[in-house]
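Reader: I've got a model open and a pile of labels to go with it. Could you walk me through what earns each label?

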Amino acid sequence: MPPVVQNIFIALGIPVLIWAVWSTLRLARANRRGTAGIDVAAYGLLPRAELDPARGGPRVPEVAEAVRAAWEGDWRPGAALLAATGQDWDLRWDRLSALASAASQNDRWLSAWRAERPEDPDAAAVHAQALLYRAWDARGDGWAKDVPAERMAWFRQLLPASLHAAQEAAALAPRDPSPWVTMVTAARGLALSHEEFCRLWSELTARAPHHFFGHLNALQYWGAKWCGSDRLAHRFAQEAAASAPAHTLLPVLPLEASFERALQGPGPVPLAGRNPKSEIDAVLNAVAAAPTDHPGLPLVRHVLAAALVLAGRGREALEQFRLLEPWVGAEPWTHHADPVAAFDRARALAVLRSGKRSATAARGA
């Protein structure tokens with residue numbers, strides 16, 4: 001190579017190298033310190049001290065009131081809340097699971113409800129899901145080999161009870177998919193065969209073909225950690241996403257599958273999985289088309305924000321962070337020891353990958 005050409009390459013290469021080193025150091029600092037030293041208000045973000053890890057999204061007043069009444073021993077507001085949902089199955093599941101979570105810790109109010117209305121299908125469905133929550137609380141989120149024997153025994157005792165209770169609830173309300181969501185979730189803990197699981201799944205989808213929360217739980221069954229494999233989980237996710245109507249949030253399933261696969265890898269907990277641009281764009285389109293009060297929307301935005309950061313799409317990630325704050329109590333952040341710190345590091349990376357235009361737009365908003 002002639003000396004003149006060599007000099008040109010050197011002249012061009014040194015600035016590029018300096019830029020690459022500088023960018024790497026900035027990203028490493030953001031990954032270590034989060035938004036410390038960044039004027040987050042200039043990007044339309046909240047100070048780290050105001051981030052709340054207790055929830056993944058805002059409270060719904062009527063749900064909070066029903067849960068509060070349940071804790072005080074009054075089951076009637078919860079019963080009225082479920083009766084008012086009609087056949088909005090995702091909304092019904094969100095409300096039912098909130099009541100079941102309360103009942104898993106204190107079920108005296110639920111016992112009173114069932115005693116007064118022994119054939120009430122709503123009370124039966126809450127009871128079945130409460131048993132399932134107790135089972136998972138006993139087991140925890142770790143690998144089976146790490147769970148103490150007495151807790152695993154309690155888990156194995158409660159799971160069949162939950163499945164049986166869900167079957168009873170389904171018999172009381174044949175059109176309701178909610179008890180089938182409970183059964184599908186219990187299926188992975190019970191390690192039911194693929195054939196047995198598919199029978200349960202067909203019953204659920206016959207009642208609600210695009211049930212968001214049902215699909216999330218089914219994806220867990222098909223994952224490598226439970227009863228399937230990475231290949232089966234991705235196939236399930238991609239098929240469900242491809243067949244989903246525009247108003248559903250099912251396009252997030254491939255992102256969920258990628259994150260679950262990344263969790264099984266060596267090293268620290270990942271920010272998210274890696275997905276092609278088309279899959280991330282499909283989720284962006286889904287959140288834009290979904291009703292603003294869809295109970296699954298905050299969960300999807302959290303996963304989407306992480307995926308956008310990992311893909312280097314900082315400006316779009318910041319849009320999701322602004323819509324989510326101050327709530328950070330959802331995956332992927334909750335897989336980290338400090339969800340607030342994980343969320344804040346992701347925000348810092350998004351800022352650095354967004355460019356000055358993002359900051360200017362935020363100031364003018």
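**Labels and what backs them**

Author: Sure. Let's start with Ala317, which sits in helix α15 (residues 314-324). Keep in mind that this is a predicted model.

Reader: What makes Ala317 count as buried?

Author: The cut-off for buried is under 20% relative accessible area. Ala317 has 0% relative accessibility, so Ala317 counts as buried.

Reader: Which residues does Ala317 touch, leaving aside neighbours within four places in sequence?

Author: Those are Ala305, Leu308, Val309 and Ala350. Take Ala305 from that list: Ala317 and Ala305 are twelve residues apart in sequence, and their C-alpha atoms are 4.8 Å apart in space.

Reader: Okay, over to Ala187. Where is Ala187, and why is Ala187 called buried?

Author: Ala187 belongs to helix α8. Its relative accessible area is 0%, and buried means under 20%. Ala187 is therefore buried.

Reader: What surrounds Ala187, not counting residues up to four places away in sequence?

Author: Ala187 touches Leu192, Phe197, Leu200 and Tyr221. As for Pro160, 27 residues from Ala187 along the chain, the two C-alpha atoms are separated by 9.4 Å.

Reader: Now the helix pairs. How do you know whether α8 runs roughly parallel or roughly antiparallel to α9?

Author: Look at the angle. Helix α8 (residues 178-190) and helix α9 (residues 194-207) pack at about 155°, with their axes 9 Å apart. Angles over 145 degrees count as roughly antiparallel, so α8 is roughly antiparallel to α9. Their crossing is left-handed.

Reader: What classes of residue make up the contact of α8 with α9?

Author: The split is nine nonpolar, no polar and two charged. On the α8 side you have Trp180, Val181, Met183, Val184 and Ala187. They meet Phe197, Leu200, Trp201, Glu203, Leu204 and Arg207 in α9. Glu and Arg count as charged, so Glu203 and Arg207 are the charged pair here.

Reader: And what makes α8 parallel or antiparallel to α10?

Author: Same test, other end of the scale. α8 and helix α10 (residues 212-222) pack at an angle of about 15°, with axes 8 Å apart. Under 35 degrees counts as roughly parallel, so α8 is roughly parallel to α10. α8 passes α10 in a left-handed crossing.

Reader: Which residues make that contact between α8 and α10?

Author: From α8 they are Val181, Val184, Thr185, Ala187 and Arg188. From α10 they are Gly214, Asn217, Ala218, Gln220 and Tyr221. By class, that contact has five nonpolar, four polar and one charged residues.

Reader: Zooming out, how many helices and strands does the chain have?

Author: There are 17 helices and zero strands. Of the chain's 365 residues, 48% count as buried. Among contacts with a separation of 6 or more, 68% come from residues 24 or more positions apart.

Reader: What does the largest nonpolar core look like in numbers?

Author: It has 104 residues, and those with the most contacts inside it are Trp109, Trp113, Val126 and Phe321. Helix α6 (residues 121-139) gives this core its largest share, ten residues.

Reader: What is Trp109 in contact with, beyond four places in sequence?

Author: Trp109 contacts Ala70, Gly73, Asp74, Trp75, Leu99, Ala102, Ala103 and Val126.

Terms used
Residues numbered from 1 in each chain as written. Predicted model: local features only at pLDDT ≥ 70, side-chain atom pairs only at ≥ 80, totals over all residues. Heavy atoms only, no water. Core = buried A, V, L, I, M, F, W, Y, C linked by side-chain atoms within 4.5 Å. Buried < 20%, exposed > 50% of the residue type's maximum accessible area, 1.4 Å probe, protein only. Helix = DSSP H or I, 4+ residues; strand = E, 2+ residues; numbered from the N terminus. Contact = heavy atoms within 4.5 Å. Axes fitted to C-alpha atoms, helices over the stretch in contact; angles between N-to-C directions. Parallel < 35°, antiparallel > 145°, perpendicular 65-115°, else oblique. Left-handed = near helix turned anticlockwise from the far one by under 90°.
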